[in-house]
Amino acid sequence: MSKELVAAMQVLEEEKGISRTVIKEALESALVLAYKKNYDQAQNVEVVFDENNGKIAVYSVKDVVETNYDSTLEISLEEALKINRAYEIGDKIKFEVTPKDFGRIATQTAKHVIMQRIREAEREIIYEEYTQYQDEILTGTVERQDNRNVYVNIGKIEAIMPMNEQIPSEEFQMDERIKVYVSKVDKTPKGPQVIVSRAHQDFLRRLFEQEVPEIYDGVVEIMSIAREAGDRSKVAVRSRDKNIDPVGTCVGQRGQRVQTIVNELNGENMDIIEWAEEPTEFIRNAMNPADVVEVIFDEANHSCIVVVPDYQLSLAIGKKGQNARLAARLTTYKIDIKSETAYADYLDEQAALAFKAEEDAIDYGEEIDLSNVEGEFLSAEAEVEAMIDEADNAEQNFDAEDVEELVAEAEVDPEQSYDELVEEIDFIEEVEEEEL
């Protein structure tokens, strides 16, 4: 180990980015181990490497004590004063013990440890470098792929793109240059591991930041993203400047900005909608391209019913429920989509259930508030109740059995239509008139 080692250290520093100090410390630690192993020494030793001329010196370090009990580790004060009268108890004295043949054996023994330290230092440098790129987009080259992973060269390391981070419809060629999103950087026993993605929703966010300066500057803000990679995405944006249209800004002149992003994602459909603080408006926008007639909220369950025109039901739901699914992810609400006809039937069912509950309550002498039931059925029910009250309270020749029979005839069948209810009420009125 001489000038060649010094030259090698310089090359490592320039090409690998490992400082001479790291290499020097690794070398000195390795030489200490080599000395103790090859010369069967247990004393406290120190190796000093002169990085200017490549010379190595081995020193035995001993503590100055009052009485010497272990000559390999200690030296008495009396002996220390013979060397230098300035020594005191607690000082350390170094004695050079470099063996004459401490060349090849020490070098070979230390080589493995030195290389290990260098690898560790190199891995640490790579780890620190790529943690800075986490959550950012890098451009890399496809090196190879197997049944599950695609391996992308992103500079000093080969990144891994697992199957779940790939766009299903994409196929890559060897040496093809692609953009990837650095989703995770890990330390492993084999060195740093970088996980990259093209399916992550933040990959789409970063693409918009690259393509739309207003988003990068913060004038236009991406509030929410819902994505099914390779197929379709919904992006909710808002503007901090009332004079700037957030949707138009993202789309660009003649759709150039969004088309660039779509091309990067191999034709992934893109819905850019305006974010709104008011949930009803936000959900209406999220259901694009379908029109929304009404939004009915159930805040307790953080859900809602979205009513759309009959002819747009399939459009609102989307292929295999995709539009509804993405709208729910975008808004965080659980969305139940109904056509206008289906919603009217739903209201009828709810009213019928409420009437049934009222009938059951009458049987047990209880009262139920039906004020929240909407529509014509409420009027019919109120009319039936009024007729029952008249039959109970009128001064006529009815005995108890007649009143019970009249009440039984006035019971509401949940399956009856409004017209049938009206006919039944008319029948009750005719019976009353005849008896009177």
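Q: Which residues of α2 are buried?
A: In this predicted model, the buried residues of helix α2 (helices being DSSP runs of H or I of at least four residues, numbered from the N terminus) are Ile23, Ala26, Leu27, Glu28, Ala30, Leu31, Val32, Ala34 and Tyr35, where buried means under 20% relative accessible area with a 1.4 Å probe and protein chains only. Residues are numbered from 1 along each chain as its sequence is written. Local features need pLDDT of at least 70, side-chain atom pairs count only at pLDDT 80 or more, totals for chains, interfaces and linings use all residues, and side-chain values use heavy atoms, with hydrogens and water left out.

Q: What should the 19 residues of α2 span?
A: At 1.5 Å a residue, taken times one less than the number of residues, helix α2 (residues 20-38) should span 27 Å, and its end C-alpha atoms are 26 Å apart, which agrees.

Q: And which residue just after α2 takes a positive phi?
A: That is Asp40, with a phi of about 50°.

Q: Switching to sheets, what is the order of the strands in the open sheet with β10?
A: The order is β10-β11-β12, with mixed pairing, where strands are DSSP runs of E of at least two residues and two strands pair if DSSP finds at least two bridges between them. Strands β10 (220-228) and β12 (269-274) each have a single partner strand, so one side of each is left without a neighbour in the sheet.

Q: How many bridges pair β10 and β11?
A: Eight bridges, in the antiparallel sense, and Ile222 stands opposite Val237 in β11.

Q: What about β14 and β15, parallel or antiparallel?
A: Strand β14 (residues 303-308) and β15 run parallel, joined by six bridges, and the partner of Val306 in β15 is Ile337.

Terms used
Buried means under 20% relative accessible area, exposed over 50%, partly exposed in between (1.4 Å probe, protein chains only).
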